[in-house]
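Q: I'm new to this one and would like to learn how to read it. Could you walk me through it?

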Amino acid sequence: MSDYRNSIRTSREFLSPNLTVNKWEDILPWFENLLNRKLESISDVQNLLQNRSELEAVLEEDFAWLYIKMSCFTGNKDYAEAFNYFAQHIEPQIHTHSNELDKKIYQSPFFSQLPDVNYLVYKRNLKSKLELFREKNVKLLAELQVQEQEYGSVTAAMTVEIDNETLTLQQASNLLKNKDRTLRQQVYAKIHTRRLQDSEKLNALLDRLIEKRQEIASNADFSNYRDYKYNEMGRFDYTPQDIAEFCETIQITVCPVIDKLHANRKQKLKLDSLKPWDLEVDINGENELKPFKNTTDLISRTIACFNEIDPSFGDYLTVMNHNGYLDLESRIGKAPGGFNYPLYESNIPFIFMNATENFHDLVTMVHEGGHAIHSFVSKDLELVDFKNLTPEIAELASMSMELISMEHWHHFFNTEELKRAKRKQLEGVLSVMPWVAIIESFQNWIYTHKNHNLREREGAWLKIFNSLSSQEVNWDGLEEFKANLWQKQLHIYQVPFYYIEYAIAQLGTIAIWRNYKTNPKQTLKQYISALSDGYSKPIPEIYQKAGISFRFDVDYVNELVEFVTDELDKL
Ligand SMILES: [Zn+2]
C-alpha cells in the first residue's frame, strides 16, 4: 500500500526527492535548515513557511499511511510497530522542533506583516497557541492525556449478555431497532444497568479531569476552562455567549418539531406511552433499507450519484478507487469507524470505513465523499496550515454532501424506499441538534460552576436534559438511567467542548441544501469555491462564499427548521 504515494508524489522544491522518513535523523537536517535561517524580509518568512509546509506534507503523509495501514490490518504486527515507532521516537522530536519554528516565526518583526487576506487565520491561531503556552502546563497536559484515555478502557470493557451471547453495548443497541418491544425493553435495561455499574467510577474520573483542566486554565490566566478551551481551539468567530443563545434557540425551534415527530411515532406504534426503547424501531414495521449489495456496488452507485451532481465529484472517487485509496468493507481485523484522511503530498485522500450494506453506510460513504471533495478542491492551497480545517468548515462540506446527494439517491433506492430514506435522513438532521445542545450546555455548566458536588451536577444535568429532550418520551421508573445518560458521551471525557460544531455545521448544511433545491448550479459553484479556501479565511467568510449566513438567531434557525419540516411533510 505504501508504494502508491511514491508514484503519485507531487514535485518537491525544498526537500530532496530521495527523502524517505525512517528515523528522526532523516528529518533533522531539514528542520535545522529551517531553524538556522535569517529572516530579513517578509519574503524570507513566506519562503520559510512554504518550505516548512513541504516538509509537513511529507511528515503528515508518512504518519497518515502508518495510521491507515494499521487501521486496515489491526492484526499486522509490523504495521503496529512502525506506527508506534513513529509515534514514540519521531513525533515528539517533530513536535519540539515545530515549536521552535513557531516561536522563530512569531518573534520575527515580519510576522505581523503577513497579509491578512491569506494569513489572518494562521496568524491568530499561532498567536493564541504561543500565548497560551505555560511551562508548568506541559506536564499537566501530558497527564491529562493519559487520564482521558481511562474513559476508553472503562467503556471498552462494557458488555452485556443477550441470548447467551456476549455483545458490546454498540452491538446490543442495534437490537433497539427490533420489532419485538419486550426484547427492546430488555436490551435497553441491560445496556443501562451495565453503564450504571461504572457510574461512580466515571463520576470520579470526571472530577479528576475537571480539577486538572481548571488548573491548566488558571495557569494560563483564564478564570475557567471553557474560556481557555475556546482560545485553545481557535474559536474566534463566535463566543460562549453566542453558543448559549444557540442552545436556547434549538430549544425554541427544533424541540417542538421533535415532540411532534415523537407524538406521531407513539400513535403509529399504537403505544400508551413512548419509552426510550421505542425510538429506533421503524414506525411502519418495515424492514431495514438495503441501498447496495457489496462495496463494489456501493462504489459504482456512489460514483454514478456523484457524477450526476457534478462530473468532477465522480472523477475524484474514480481516481481514489483506481489507486486503491478506498477501503470500505467491514472485515475481521479492521479498526472500527470511518474517516477520510487527506494526504498532503500525493494529494489524493484515503477513505476508510466499515460498510455492512445498511442505510447508515450509504450516509457514511457520501459524508466521507464530501470530505474527499474538500481535500481535492483545496489541494493547491499554498500551506498545509491552510488545509488544517476546523470542524465548522470540514463538517459543512461533508454533511452538505449527505443532503445534496440525497436528491440523487434514486441510484440506491426505488421510489418507495427513497421516501423512507429521505424521511430517515431529515429526521436525523433535526434530532441530532437537541442532543448536541444538551451536551454543550452541560459542559458549559460544569466548567463555570467551580467546586460543585455530585448532587449539584446531577441536578444541573437533569434540568438541562429535561428542557431540551423530547417531552413525549416517558422516563417513569427510569430515573436513575436518565440521571447518568451523559456518561455515554465520549466527548465530555476525551475531547471537551468539541461537539457544538456539529450543530453549527448541520444548520449550514440545511441552508446549502435549501439553495441547492432552488438553484443547483449556482449552489455547487459556491460550495466548491468555499471549500477551495480550506481554512485560510474566518468561518463567516467561508460560509458567505458557500452562499449561506453564519448566524444562530431564532429567526434564521426557525426559517431553516421550517424548511426541513415542510420537506418532511411532502414525503
Ligand atoms: Zn465528518
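Q: Is the site of the zinc ion regular or irregular?

A: Bear in mind that this is a predicted model. Four donors count as tetrahedral if all angles lie between 85 and 135 degrees. Here the angles among the 4 donor atoms run from 52 to 138°, and the site is irregular.

Q: Which residues coordinate the zinc ion?

A: Look for the donor atoms: H367 and H371 each use NE2, while E395 appears twice with OE, at 2.1 to 2.5 Å. Along the sequence, the donor residues follow the spacing H-x3-H-x23-E. H371 sits in helix α15 (residues 359-377) and E395 in helix α17 (residues 391-406), so this pair, 24 residues apart, links distant parts of the chain.

Q: Are H371 and E395 buried or exposed?

A: Check the relative accessible area, where under 20% counts as buried. H371 has 12%, so H371 is buried. E395 has 8%, so E395 is buried too.

Q: What is the strand order in the open sheet of 3 strands?

A: Read across the sheet: the order is β3-β5-β4, and the pairing is mixed. β3 (326-329) and β4 (339-341) are at the edges because each has a single partner strand, leaving one side without a neighbour in the sheet. From one strand to the next, the twist averages 10°.

Q: In which sense do β3 and β5 pair?

A: β3 pairs with β5 (residues 350-355) in the parallel sense, over 3 bridges. Across from D327 you'll find F352 in β5.

Q: Which strands does α15 touch?

A: α15 packs on the sheet and touches β3, β4 and β5, with its direction at about 175° to that of β5. Helix α13 (residues 295-309) lies across β3 and β5, at about 120° to β3.

Note on methods
Residues are numbered from 1 along each chain as its sequence is written. This is a predicted model: local features need pLDDT of at least 70, side-chain atom pairs count only at pLDDT 80 or more; totals for chains, interfaces and linings use all residues. Side-chain values use heavy atoms; hydrogens and water are left out. Donors are N, O and S atoms within 2.8 Å of the metal (3.2 Å for Na, K and Ca); water is not among the atoms, so sites may look incomplete. Four donors count as tetrahedral if all angles lie between 85 and 135 degrees; four count as square planar and six as octahedral if opposite donors are over 155 degrees apart and all others between 65 and 115; anything else is irregular. Helices (H or I, at least four residues) and strands (E, at least two) are DSSP runs, numbered from the N terminus. Buried means under 20% relative accessible area, exposed over 50%, partly exposed in between (1.4 Å probe, protein chains only). Two strands pair if DSSP finds at least two bridges between them. Axes are lines fitted to C-alpha atoms, for helices over the stretch in contact, and angles run from 0 to 180 degrees between N-to-C directions. Contact means heavy atoms within 4.5 Å.
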